[in-house]
Amino acid sequence: MTDNRGRLTREGIRIYPQDDFAGMHKAGKLAAEILDGVAALVVPGVSTGELDKWITDQVDAANATSATIGYKGYQHASCISVNHVVCHGIPGAKRLKDGDILNIDVTVIVDGWFGDTSRMYVAGKLSRKTERLIQVTHDALMKGIEAVKPGNTFGDIGHAIQTYAESNRMSVVRDFCGHGLGRVFHAPPNVLHYGRPGTGAVLEEGMIFTIEPMINLGRPETKVLADDWTAVTRDKSLSAQFEHSVGVTADGVEIFTLSPAGKYHPTWG
Ligand code: MF3
Ligand code: CO
Ligand code: CO
């Protein structure tokens with residue numbers, strides 16, 4: 001897919017005109033609505049393949065396109081990452097058990113714009129330790145988003161996330177990052193979820209990207225399984241992730257993937 005809107009910074013980051021944010025809001029809203037709707041289906045006994053089937057049908061019903069089906073050979077409308085799976089879990093026959101936690105990540109294309117978002121869910125009952133992991137991961141994402149405004153840097157975003165996670169004795173995954181977004185799925189820059197203040201590219205009005213921290217209860221190291229997709233924690237510790245698609249405005253940030261139902265957290269819904 002090509003894109004020639006706006007202009008590129010010298011780091012190759014696209015600056016979109018503010019008018020383009022309307023398209024991102026539409027795509028982001030659909031992705032967020034799908035994540036709202038799937039919550040009711042997440043119960044012990046359901047398979048991740050069944051959840052993905054429902055998501056596929058929702059994308060079709062909205063006359064939208066899944067960005068992940070056919071992406072580098074991936075064949076599903078969602079990634080579903082259970083327990084110690086960090087990201088890119090492949091939906092399939094595996095059935096959820098009581099207490100399993102999972103991230104569901106959906107990316108849709110609406111009128112050429114990409115909406116990319118993920119949240120955590122629980123099948124059945126959430127344990128106290130797991131609830132804390134999910135809460136800290138969600139709040140770490142929001143701390144990162146609070147650092148988004150013109151003049152700040154990408155390092156400021158990473159630093160905000162890292163200091164929050166580590167002050168809660170959790171670790172930030174280094175092996176995967178957020179990304180530029182817009183009329184393409186993955187564009188510059190790599191949005192790191194760790195870093196030092198004042199480093200990296202300077203944020204400018206019109207930039208569009210994701211922030212999607214993966215936080216582990218144990219060590220940060222990951223490995224990819226033989227299926228070439230599924231990333232897991234090396235120490236088998238639990239991992240959580242939340243993702244929003246955002247745009248930089250003149251004085252701050254707009255979140256394109258806000259939940260219309262206000263459902264961000266398995267226990268708030
Ligand atoms: N949605 C993921 C992201 O946040 C990418 C998934 S690519 C897939 O960037 F092929 F694994 F689906
Ligand atoms: Co993403
Ligand atoms: Co995603």
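This passage describes a metal site, a small sheet and one buried residue in a predicted model.

Local features need pLDDT of at least 70 and side-chain atom pairs count only at pLDDT 80 or more, while totals for chains, interfaces and linings use all residues. Residues are numbered from 1 along each chain as its sequence is written, chains are lettered from A and ligands numbered from 1 in the order in which they are written, and side-chain values use heavy atoms, with hydrogens and water left out.

The cobalt ion (ligand 3) has as protein donors Asp-105 (OD), Asp-105 (OD), Asp-116 (OD) and Glu-243 (OE). These lie 2.1 to 2.3 Å from the ion. Donors are N, O and S atoms within 2.8 Å of the metal (3.2 Å for Na, K and Ca); water is not among the atoms, so sites may look incomplete. Along the chain, the donors follow the spacing D-x10-D-x126-E. The pair Asp-105 and Glu-243 links distant parts of the chain, 138 residues apart. Asp-105 belongs to strand E6 (residues 101-110). Glu-243 sits in the loop between strand E15 (239-241) and strand E16 (244-248). Strands (E, at least two residues) are DSSP runs, numbered from the N terminus. Both Asp-105 and Glu-243 are buried, that is, under 20% relative accessible area (1.4 Å probe, protein chains only).

The site of the cobalt ion (ligand 3) is irregular, with angles of 59 to 168° among its six donor atoms. Six donors count as octahedral if opposite donors are over 155 degrees apart and all others between 65 and 115. Asp-116 bridges this ion and the cobalt ion (ligand 2). The two ions lie 3.3 Å apart.

An open sheet of three strands runs in the order E5-E14-E13, with antiparallel pairing. Strands E5 (85-87) and E13 (222-224) stand at the edges; each has a single partner strand, so one side of each lacks a neighbour in the sheet. E13 pairs with strand E14 (residues 231-233) over three bridges; pairing requires at least two DSSP bridges. Thr-222 has Thr-233 as its bridge partner in E14.

Asn-216 lies in strand E12 (residues 214-216). Asn-216 counts as buried because its relative accessibility is 0%. Its side chain makes a polar contact with the side chain of Ser-239 at 2.7 Å. A polar atom of the Asn-216 side chain also lies 2.9 Å from the backbone oxygen of Arg-219. A polar contact is a pair of N or O atoms within 3.5 Å; within protein, one must be able to donate a hydrogen and the other to accept it, and residues adjacent in sequence count only if both atoms are side-chain atoms.

Terms used: Helices (H or I, at least four residues) and strands (E, at least two) are DSSP runs, numbered from the N terminus. Buried means under 20% relative accessible area, exposed over 50%, partly exposed in between (1.4 Å probe, protein chains only). Four donors count as tetrahedral if all angles lie between 85 and 135 degrees; four count as square planar and six as octahedral if opposite donors are over 155 degrees apart and all others between 65 and 115; anything else is irregular.
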